[in-house]
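Please work through the exercises below with the sequence and the 3D structure at hand. Each task sentence is followed by a solution in steps.

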Amino acid sequence: MCSENIAHVRFMTFINTSFIEAENLENVFNVLLKVEVALLALSWIEFLYTFYLLIFIRAMHFNLTFLFINYGGQYFGSMLSRCIIVYVQLYPDKNLEYIIPLANYVRTVCLFIAMYILPIFMVERCLASFFVKNYEKSRKIWVSLMILSIFHPLVFASAIAYIQCWIPVLFHVISFFIVNIIGFIRVSAAPKKPFMKFRKPHSERK
């Protein structure tokens with residue numbers, strides 16, 4: 001449901017601190033926040049290492065790497081937003097209270113990007129199969145740019161519709177499952193034979 005206390009909006013990561021105070025759970029909540037700080041620190045290390053691998057160690061096609069970097073970008077935004085929220089909750093400041101709704105807004109949008117990310121890899125693999133003759137030999141950067149130019153507006157619109165309560169939650173849940181199931185099936189069934197077809201035998205490369 002939409003919160004009446006925040007201009008009729010809803011967030012996926014919003015915590016009702018008034019309820020926590022009413023139930024005298026502040027000590028438990030603060031302990032959990034400190035545990036989360038430690039987990040966030042580990043997540044930052046993991047994120048930076050993964051980002052380093054994607055940038056400096058090219059183990060995949062350029063477009064696939066670019067799409068994974070895009071996925072990492074939403075993870076960065078999500079973690080940064082959560083760090084800001086945790087800081088304001090651990091060190092309350094009346095002058096910083098306006099940041100919490102903004103950080104929740106950004107984090108919710110980032111989570112929507114993560115939830116709908118699988119189909120972009122499906123589309124990229126389909127195009128890789130279509131251009132199999134020369135796809136692996138050229139960057140074809142237009143592929144990833146085209147995918148993201150379609151993907152981001154749709155996901156941003158879906159996230160904003162969720163936050164502003166324009167569409168029922170059930171619709172988002174159903175669309176999330178349908179989109180990702182289709183993406184999973186198509187990625188799992190991606191043809192490998194076309195790539196093998198154009199790969200020269202080891203004996204011919206000598």
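The exercises go from the whole chain to single helices, two residues and a pocket.

This is a predicted model, in which local features need pLDDT of at least 70 and side-chain atom pairs count only at pLDDT 80 or more, while totals for chains, interfaces and linings use all residues. Residues are numbered from 1 along each chain as its sequence is written, and side-chain values use heavy atoms, with hydrogens and water left out.

**Exercise 1. Describe the make-up of the protein chain by its helices and strands, its buried share and its contacts.**

Step 1. Helices (H or I, at least four residues) and strands (E, at least two) are taken as DSSP runs, numbered from the N terminus. The protein chain has 9 helices and 0 strands, and its pattern along the sequence is α-α-α-α-α-α-α-α-α.

Step 2. A residue is buried under 20% relative accessible area, exposed over 50% and partly exposed in between, with a 1.4 Å probe and protein chains only. Of the 206 residues in the protein chain, 34% are buried.

Step 3. Contact means heavy atoms within 4.5 Å. Among the contacts in the protein chain with a separation of 6 or more, 77% join residues 24 or more positions apart.

**Exercise 2. Test the spans of α4 and α6 against the expected value, and list buried residues in each.**

Step 1. The expected span of a helix is 1.5 Å times one less than its number of residues.

Step 2. Helix α4 (residues 99-115) has 17 residues and should therefore span 24 Å, which agrees with the 24 Å between its end C-alpha atoms. Its buried residues include Ile99, Ile100, Ala103, Asn104 and Arg107.

Step 3. Helix α6 has 23 residues, so a span of 33 Å is expected, and its end C-alpha atoms are indeed 33 Å apart. Val143, Ser144, Ile147, Leu148 and Phe151 are among the buried residues of α6. After α6 comes Cys165, with a positive phi near 65°.

**Exercise 3. Determine whether Asn63 and Gln74 are buried or exposed, and find what each touches.**

Step 1. Asn63 belongs to helix α3 (residues 62-90). Asn63 counts as buried because its relative accessibility is 0%.

Step 2. A polar contact is a pair of N or O atoms within 3.5 Å; within protein, one must be able to donate a hydrogen and the other to accept it, and residues adjacent in sequence count only if both atoms are side-chain atoms. The side chains of Asn63 and Ser144 form such a contact at 2.9 Å. In addition, a polar side-chain atom of Asn63 lies 2.9 Å from the backbone oxygen of Lys140.

Step 3. Gln74 is also in helix α3, and it counts as buried because its relative accessibility is 6%. Leaving out residues up to four places away in sequence, Gln74 touches Cys110, Leu111, Ile113 and Ala114.

**Exercise 4. Identify which helices line the second largest pocket, and classify its lining residues.**

Step 1. On a 1 Å grid over the protein atoms alone, a pocket is an open set of points where a 1.4 Å probe fits, with protein on both sides within 12 Å along at least five of seven lines; lining residues have an atom within 4 Å of a point.

Step 2. At least two lining residues come from each of α5 (118-130), α6 (141-163) and α7 (169-188). The most come from α6, with 7 residues.

Step 3. Of the 14 lining residues, Pro119, Ile150, Phe151, Leu154 and Val155 lie nearest the centre of the second largest pocket. By class, this lining has 12 nonpolar, 2 polar and no charged residues. Here Ala, Val, Leu, Ile, Met, Phe, Trp, Tyr, Cys and Pro count as nonpolar, Asp, Glu, Lys and Arg as charged, and the others, Gly among them, as polar.
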